[in-house]
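Work through the exercises below with the structure open. Try each task before you read its solution.

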Amino acid sequence: MAVSETRKPGQELPADERRLGERLRAFIRTRGFLVGTFVVILIAMYVAGLIAGASAQRLLALTAWGLMLGGIIALGSIGLSLVYGVLKFPNFSHGALVTLGAYVAYTVVPLLPQGEALRPFSFGYEFLVALVVAMPVVGLVAVAIDRLVYRRLRNTGAHLVLFAMASLAMAFFVRSMIYLIWGPDFHFYYPGRANPALYLPFGMRVRADQLFILVLAFVLVAAVYVLLEWTRMGKAMRATADNPHLAQIRGINTERVIAWTWMLGGGLAAAGGIMYGLSSQLRPEMGFWLLLPMFAATIMGGIGNPYGALSAALIIGIAHQVSTSFLDPTYGPAVAFVLMVLTLLIRPQGLLGRTEG
Amino acid sequence: MSQLIFLKGLMLGIALACILPILLPPGVRWRVPGGIVLGLAAGLGIAASVPSGYLSYFIGFMTMASLYAILSLGLNTQWGYTGHLNFGVAGFFAVGAFTSALFTIEAPTGLAAQYTQVLFGLQMPFLVGVLAAGVVSGLVAFVVAVPVLRLRLDFLAIATIGVAEIIRLIFQNERWLANGPQPLRGIPQPGRCLFESRHCEWLPESLAWLIEPLGTRDYTAFYLMIVAAFLALIYVVLERTCRSPWGRMLRAVRDEESSAAMNGKNVTFARVQAFVVGAVVMGIAGALYAHYTVAIDYSHFHALFGTFLVWIMLMLGGSGNHRGAILGAILVWGVWAGTAFLANALEPLLALIHEDLPGRAQYIRWLLVSLLLAAVVLFRPQGLLPEEMRVSNHLRGNGH
């Protein structure tokens, strides 16, 4: 800010000479105001739900489901945010990677000998194996797409919009491959297997699978935290996101960093897709449906900031579910979109983005 | 040549006479009269020599190609001239289509009102519907543009994807607005009465014998004429405006934002203007589409058809070049139609790989066009007809 730059050390802090309008505008751009806006919106949604006739218990259950949905969105948007931060373009094919992950796991599950369901969950051990297999597979697909398409663009120094367009082409490419291999029908990991809800305190009814999804999301986010903060690769990733040229000068192999970013992003997207498939069903458009909430979480949290993406995803998930108490459930993406536009209006750098834009 | 074939050839010829002069290279002398003569001759020739089944396929093909060419022109104003990444073309297309439908349709009464619900049905003439479609689509674009265009350009891409999705959701869910998930049927077609056995009231008796042999099946040729005329009109208008100082300002904003601002141009306002103009053109395309298919519903405005194909057309044809946009639309629509035959031809081969695959052959089309877009982005981002760097109309041949 201009005021602080001109101040010399030891000089008295000048009185705020800005006009009221400027001060108001600066206040609106603060993190606190943005958080306050979200809190007000969420409270308004609860009130609207109560007015529409939903019981307090139902709203509580919706909140719990919202946290779970937020976990799924977070898994997708962390990868999206990392790729956006390191490679500086919005990856429109991320939704297709989410779908691909779900379908790869769907293929792996029947290949394994079927075990008993791990009660209280609805899935057996083979599902967990499929999860572990699908994550690196999708990561490798993401790396392969990068090698074939995006690296060529990087080498020619193409503009951001060409990357965005190429990613749109790849989105439709992966989606049409999914249609070709698995067909347009709905699928379930375990068709017809019951997953009764658990009775939790305060009369909440939540399925065990949903708790698993939430816990897994937090475990994976914690793993991302460890990777980014404590490993050399994580440090290199953050450095590349900050300033790729400087990172190169300091001897960081940015191509390797980029490959690992795709690996990480693809793997997390796959996990998100598998969790989404477990909570509802698999369909080729599921990733496209999640694309808007994922982008909303990425922008709301601050581009390139995985923790911001996580917190924004949880807000979006809760808002999405609570809104169903007074709004047609298909308008879910619209709720995420409105929150995103509000963020862009109030504080374009997002919740955890740096204050200096 | 019978009277029927002559009339069909004449309608096709007028349509081609609207499109061909645009496609001929601008350096050619006698471009406009030559194109018109060539178009008329080609129309009559095709009608006389081609069996009527193929002829109606060709007419349908050209109608859709011209509709897409209008969409592509609209996108060219936004992306080609101003650098807006609009990934929500389908949204403005849908707004235009439903607006024009509501303005021209007859509101159902009595028993029919239980099956078809509309917000209003004004029974206005076709041209009013098209005009309203452009205006409403432009208004929607304005509402979207004002908060988003102040920010980074990549946010616009995300925001427009969201807007298109929400517009589609609204037309899917809101029964009271335009009959919810069910199709909105019975959109009137302009000049349709000419082709029915009892001719239009305004047509003098003395002229009725001229169009006597035409039946309702021949209406498509007449509608192609209307769409082609709109295409030519929009092309001329956009070409004039983009060559005017306004077009130069847009390109300046796109390439050198700060120097445009330094020269006293309101950068944000220029961006909003270009976005709105493009959306108006897309809305008009939507209106023309609605009156072409007669029944529309939300599923017609899927991102695949509404947005993705248009982007491939513009990128292949050449962004920043109106002729390229139209050429790209016709070529890509040709590829798209051709891949349908290819998918059919591949079915026996696919059956050898897996028994389920032939039923999914249509998705091979998506695979091929997505590879086409990737190839264009990678190997020829400027398109087939690159943008012409023209500073002034009075400096001919000055390429810099």
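A residue counts as partly exposed when the number of other C-beta atoms within 10 Å of its own falls between the two limits: 20 or more is buried, 12 or fewer is exposed. Keep in mind that this is a predicted model.

**Exercise 1. Two unusual backbone angles**

Task: Find what phi B:Val294 has, and decide whether the residue is buried, exposed or partly exposed.

Solution:
- Start with the angle. Phi of B:Val294 is positive, about 70°, and the residue is not a glycine.
- Set this against the general rule. Most residues other than glycine have a negative phi.
- Locate the residue. B:Val294 sits in the loop that links α13 (267–293) to α14 (303–317) of chain B.
- Count its neighbours. There are 15 other C-beta atoms within 10 Å, so B:Val294 is partly exposed.

Task: Repeat the steps for B:Gln123: what is its phi, and where does the residue lie?

Solution:
- Phi of B:Gln123 is near 55°, again a positive value in a residue other than glycine.
- B:Gln123 belongs to the loop between α5 (112–115) and α6 (126–148) of chain B.
- With 13 other C-beta atoms within 10 Å, B:Gln123 is partly exposed.

**Exercise 2. A helix pair in chain A**

Task: Describe how α8 (residues 208–230) and α9 (residues 232–242) of chain A are arranged.

Solution:
- Take the axes. Those of α8 and α9 of chain A come within 5 Å and cross at roughly 80°.
- Classify the angle. The range for roughly perpendicular is 65 to 115 degrees. Therefore α8(A) is roughly perpendicular to α9(A).
- List the contacts. From α8(A) come A:Leu227, A:Leu228, A:Glu229 and A:Trp230; they meet A:Met233, A:Gly234, A:Met237 and A:Arg238 of α9(A).
- Sort by class. The contact of α8(A) with α9(A) has five nonpolar residues, one polar and two charged.

**Exercise 3. Two domains of chain B**

Task: State where the domain boundaries of chain B fall, and which helices of domain 1 touch domain 2.

Solution:
- Read the assignment. Domain 1 of chain B covers 1–50, and domain 2 covers 51–379.
- Place the two parts. Their C-alpha centres lie 24 Å apart.
- Count the contact. Domain 1 of chain B gives 15 residues and domain 2 of chain B gives 23 residues.
- Name the helices. α1 (3–23) and α2 (31–49) of chain B each supply at least two residues on the domain 1 side. The largest share, 12 residues, belongs to α1(B).
- Sort by class. The domain 1 side has 13 nonpolar residues, one polar and one charged.

**Exercise 4. Where the chains meet**

Task: Find which helix of chain A gives the largest share of the side that touches chain B.

Solution:
- Begin with the totals. In the contact, 34 residues of chain A meet 32 residues of chain B.
- List the candidates. α6 (125–155), α7 (160–182), α12 (286–301) and α14 (332–346) of chain A each supply at least two residues of this side.
- Pick the winner. α7(A) provides the largest share, 15 residues.
- Sort by class. The chain A side holds 29 nonpolar, three polar and two charged residues.

**Exercise 5. Confidence**

Task: Find where in chain A the pLDDT is below 50.

Solution:
- Take the chain averages. Mean pLDDT is 86 for chain A, where 94% of residues reach 70 or more. For chain B the mean is 87, and 97% reach 70 or more.
- Find the stretch. Residues 1–7 of chain A have pLDDT below 50. Beyond near neighbours in sequence, this stretch has one contact in the model.
- Add the model scores. ipTM is 0.86 and pTM is 0.89.

Methods
Residues numbered from 1 in each chain as written. Chains lettered and ligands numbered in written order. Predicted model: local features only at pLDDT ≥ 70, side-chain atom pairs only at ≥ 80, totals over all residues. Contact = placed C-beta atoms within 7 Å. Helix = DSSP H or I, 4+ residues; strand = E, 2+ residues; numbered from the N terminus. Nonpolar A, V, L, I, M, F, W, Y, C, P; charged D, E, K, R; others polar. Domains from an automatic or database assignment. pLDDT = per-residue confidence, 0-100. Axes fitted to C-alpha atoms, helices over the stretch in contact; angles between N-to-C directions. Parallel < 35°, antiparallel > 145°, perpendicular 65-115°, else oblique.
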